[in-house]
Amino acid sequence: MLSTFRDAWKVESLRKKMLFTLFMLLLYRLGSHIAVPYMNSQVISQIFSGSGGSIFSFLDLMAGGNFRRFTIFAANIYPYVTASIILQLLTIAIPSLESLAKEGETGRKAIAKYTRYLSIAIALIQAIGYTFGLFRQAVNATSAIEYTTIILSIVAGTAVLIWIGEQITEHGIGNGISILIFAGIVSRFPLDIAQSVALVKAGKSSPIFLVLFLIIAIAIVVFVVTLTEGERRIPVQYAKRVVGRKMYGGQSTHIPIKVLMTGVMPIIFANSLLAIPATIAMFTSESTRNWIQKWLTPAGGPGAVLYIIFTVILIVFFTFFYTTIQFNTVEYSKNLQANGGFISGIRAGKPTSDYLGRTLNRLVMPGAIALSILAVLPTILTLISGLQFNYGGTSIIIVVGVVLEIHRVLEQQLIMRNYRGFLKNK
């Protein structure tokens, strides 16, 4: 992996993309230190240390630390992730959106535009909830213009993050949204580690749990790499055909089906949906908020159990859902048949599609279950030990997954560059 990054840095075009990505991340980090105007930071600190702090800490985790500081990025990129989930589900349910999605680049741009509009609407709802709900005690505004300034600052922050993510995707390296979430998680690691070490030194937690967590963290890294890189190759044979005096086809190749072709997206989607109850709590009274905290967030005893159960269910669901979108077995079998390809021992058409579907399900199901278990295992350890590694399993999986995705993109770019150079020399 290090050699890939080193080789990519030597290529001018890739170096520019890497520097552009780093520059966009620098803008993100700078924005993470711009506070929303007319907000009392001392009151916000008291709210976090009070009885409702557990819900707020959960939302702060989802916001990459911007929620506690209440910066312009307090809503983070999750309104965009939530909007993406809604649009993808509607694409299946609404025929007009489904036909739009099949129109290629034009349809993709139209759906991306709808996703942006919906993201801004969700961010607006969250900003109103922050201003008139959770943090109403910390608001120093006295006029309608000042209240509007607070709300628009949060919405504008989300809009800037959407722009940064799309710029990274288009001109940088990797998926911009995943990289922004990655940056938010990595920025929290030093604080979480320092807090856990302080708890051990103060005698509030056993050092055995700290060592155990580090061992599990290393095991998660190894297992995520194995899941992400593991694949099954289905052999494909292309029939020979004669065109004029030349013979075409007859080659043997394979269809690579990865155990976890969705990467970290199921976890990101699951986290986004699981944050909804805590977000709804912003609009409710203190008693209702305490009930939501107890039953619907990891902060409460019953809520922690329900959180773990729903995490597993949602990760498995989104793994299958996202895999179905990425790998359409019906379209794949049609393309094989149209190009004279076939799987040995399997008839072309529907039997091929059914065979690919069965193979895909046998691979995806164990991968989805393994991914969900890895995501909740450190959460269970955190609840038992009391160490403040907030949902470290999910964080580690996202970090490792994004790093592997960037590595894969760089490898593909290097291969394409070498291939073009080979053609040029010929």
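Start with the whole chain as a surface: its accessible area comes to about 21600 Å², and 64% of that belongs to carbon and sulfur atoms (Shrake-Rupley method, 1.4 Å probe). Keep in mind that this is a predicted model, where local features need pLDDT of at least 70, side-chain atom pairs count only at pLDDT 80 or more, and totals for chains, interfaces and linings use all residues. Residues are numbered from 1 along each chain as its sequence is written, and side-chain values use heavy atoms, with hydrogens and water left out.

Now colour by burial. Of the 426 residues, 48% count as buried, meaning under 20% relative accessible area with a 1.4 Å probe, protein chains only.

Switch to cartoon and you get 18 helices and five strands (DSSP runs: H or I of at least four residues for helices, E of at least two for strands).

Next, select residues 78-93, helix α6. Its 16 residues should span 22 Å at 1.5 Å a residue, and its end C-alpha atoms sit 23 Å apart, which agrees; the expected span is 1.5 Å times one less than the number of residues. Show side chains: among the buried ones are Y78, P79, Y80, I85 and L87.

Add α8, residues 105-134. The two helices pack at about 130°, axes 8 Å apart (lines fitted to C-alpha atoms over the stretch in contact, angles from 0 to 180 degrees between N-to-C directions). That makes α6 oblique to α8, the class for angles outside under 35, over 145 and 65 to 115 degrees.

Finally, pick out the contact (heavy atoms within 4.5 Å): α6 brings residues including T82, A83 and T91, while α8 offers Y114, R116 and Q126, among others.

Technical notes. Buried means under 20% relative accessible area, exposed over 50%, partly exposed in between (1.4 Å probe, protein chains only).
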